[in-house]
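Work through the exercises below with the sequence and the 3D view open. Try each task before reading its solution.

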Amino acid sequence: MNYLNKNRNLILLLLSSIINKFGDVFFDLFIIWEITIRYNNIMDAVYLLSGSILFRAVLAMFSGIIADRFDKKKLILFANLSSIIIILTFAFGFNYYISNVNVCLLLILANNVNNEIFYRSSLAMGAEFSDKLTFIRFQSMIGIANKIIDVIGSAIIGLLIALIPYSAIFLLDVLTFICSSLFVMQIHYVYQKRNITMHRKHIFQSVIADVKTTMNYIYKKKYFRYFTLIMFILNLAYGFIPNILPLVFSAENNNSMTFGIIKSAITLGSLLGLLLVAKCGNKVSRLFKISMIGCAMCMIFMILPVNTFLLVFLFLSYGFFDAITQPLFSYTISSIDKEIRSRVLGGIDTIILLSPSIGMFMGTVIMQVNHWLGFIYLAVIFILAFLLMCLNDDLNQLEVKDAGSHK
């Protein structure tokens, strides 16, 4: 009975997360779409996106602290309610807000706070409901769903903009967060209250203490030091390859269709990889090392003259190999002490989310100097991550055994 109840909770949490993701995609894409169309300036959209990414890096630590301190179920419901308020605020002042890019950015950033709180809380809750292998599979299902939503989200919102008034779009967006909340309300979750002093005059000192605790935890444990270092290095490539490299090939071919085809190939490869993870996610270290070798080989083969078909195949392969690193991240989450899981994960994310923008800059500069050198640089990143995995005994032989149906 307990096993069935836990699976029921995971299913409800999965459904809530998927619907919440739809709501976030609709809100962000609608604002970016409207700004781009109205002002015919793609740099405004870039400004909104880059500002959002940097802000979420800063939020990662603090949203993790919040998720550890309070009832996660209530936090999820609060995040959904807050998103509804932001959407309605935007809807009632649409003409004013859409004419001011800075105000739109503030609304997106405010909604990012809700996104982070929802993400950290649902992640920690899912880990509490699962053993390691179940959590890896649960995360792979969320990953598959998010990839699908990312692919079709822009198409759906574009169709909605063409067919229905913006007020109806806002209404649909509000309904997604209401539905997400309804699923969460059905989750059986007992919050174990912690004895923490939360007087106003102590809040700042308490947050500083939490940051110190998080960083000490990461620094003192060899596993988490290596994991954070590996992910920081990998994000130098992960920031550049899916966002900038397709533009490089598209510009070379002078064909805008190339960009969309490559992005679609990466996404399709990721879906195939996540399907493999759902079946073989217990082979944590093996999948990660295969991924690093596969990604490095994809970059090396891109040095050679390739036709469009082979280029698409290489990016599809890259997406596949990239996706099968997911079990390592899920395993790491489930290995963090329950009491400080969210804040430690937030601290790790704060560190590793600083590297994608660095990677985009470095990769672009190197590619402009020499394409061969650029692809070798990307391949070296994956080889270095492979070697770091092999050098750490705790990371090198990770494998999760199925707990069985008695759980």
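**Exercise 1. Find what the side chain of Ser285 reaches, and place both partners.**

Step 1. A polar atom of the Ser285 side chain lies 2.6 Å from the backbone nitrogen of Leu398. This is a polar contact (a pair of N or O atoms within 3.5 Å; within protein, one must be able to donate a hydrogen and the other to accept it, and residues adjacent in sequence count only if both atoms are side-chain atoms).

Step 2. Ser285 sits in helix H12. Helices (H or I, at least four residues) and strands (E, at least two) are DSSP runs, numbered from the N terminus.

Step 3. Ser285 is buried, at 2% relative accessible area. Buried means under 20%, exposed over 50%, and partly exposed in between, with a 1.4 Å probe and protein chains only.

Step 4. List the neighbours, leaving out residues up to four places away in sequence: Ser285 touches Met389, Leu395, Asn396, Gln397 and Leu398. A contact means heavy atoms within 4.5 Å.

Before going on, note the ground rules. This is a predicted model, where local features need pLDDT of at least 70 and side-chain atom pairs count only at pLDDT 80 or more, while totals for chains, interfaces and linings use all residues. Residues are numbered from 1 along each chain as its sequence is written, and side-chain values use heavy atoms, with hydrogens and water left out.

**Exercise 2. Describe the surroundings of Asn392.**

Step 1. Locate Asn392 in the loop between helix H17 (371-391) and H18.

Step 2. Check exposure: Asn392 has a relative accessible area of 0%, so it is buried.

Step 3. Look for a polar partner. A polar atom of the Asn392 side chain is 2.9 Å from the backbone nitrogen of Asp394.

Step 4. Set aside neighbours within four places in sequence. Asn392 then contacts Lys222 and Tyr226.

**Exercise 3. How many salt bridges does the structure hold, and which residues form them?**

Step 1. Apply the criterion: a side-chain nitrogen of Lys or Arg within 4 Å of a carboxyl oxygen of Asp or Glu. Side chains of opposite charge can pair when their charged atoms come close.

Step 2. Count them: there are three.

Step 3. Take Lys283 and Glu399, whose closest N and O atoms are 2.9 Å apart. Lys283 is in the loop between helix H11 (256-280) and helix H12 (284-301), and Glu399 is in the segment after helix H18 (393-396), so the pair ties together parts 116 residues apart in sequence. Lys283 is partly exposed at 26%, and Glu399 is partly exposed at 43%.

Step 4. Take Lys72 and Glu128, with closest N and O atoms 3.4 Å apart. This pair links distant parts of the chain: Lys72 in helix H3 (residues 72-92) and Glu128 in helix H5 (residues 101-128), 56 residues apart. Lys72 is buried at 6%, but Glu128 is partly exposed at 21%.

Step 5. Take Arg120 and Glu116, with closest N and O atoms 3.1 Å apart. They are four residues apart in helix H5, so about one helical turn separates them. Arg120 is buried at 3%, and Glu116 is buried at 4%.

**Exercise 4. Test the length of helix H13 and examine its start.**

Step 1. Work out the expected span: 1.5 Å times one less than the number of residues. For the 16 residues of H13 (residues 308-323) this gives 22 Å.

Step 2. Compare. The end C-alpha atoms are 23 Å apart, which agrees.

Step 3. Inspect the start of H13. A side-chain oxygen of Asn307 comes within 3.3 Å of the backbone nitrogen of Phe309.

Step 4. Pick out buried residues of H13, including Leu311, Leu314 and Phe315.

**Exercise 5. Trace what packs around Ile262.**

Step 1. Place Ile262 in helix H11.

Step 2. Check exposure: Ile262 is buried, at 1%.

Step 3. Leave out residues up to four places away in sequence. Ile262 touches Pro246, Phe249, Leu311 and Phe315. Leu311 and Phe315 are among the buried residues of H13.

Step 4. Add a backbone distance. The C-alpha atoms of Ile262 and Pro242 are 8.7 Å apart, with their positions 20 residues apart along the chain.

**Exercise 6. Summarise the whole chain.**

Step 1. Count the elements: 18 helices and zero strands.

Step 2. Read the burial: 51% of the 407 residues count as buried.

Step 3. Look at contact range. Among contacts with a separation of 6 or more, 86% join residues 24 or more positions apart.
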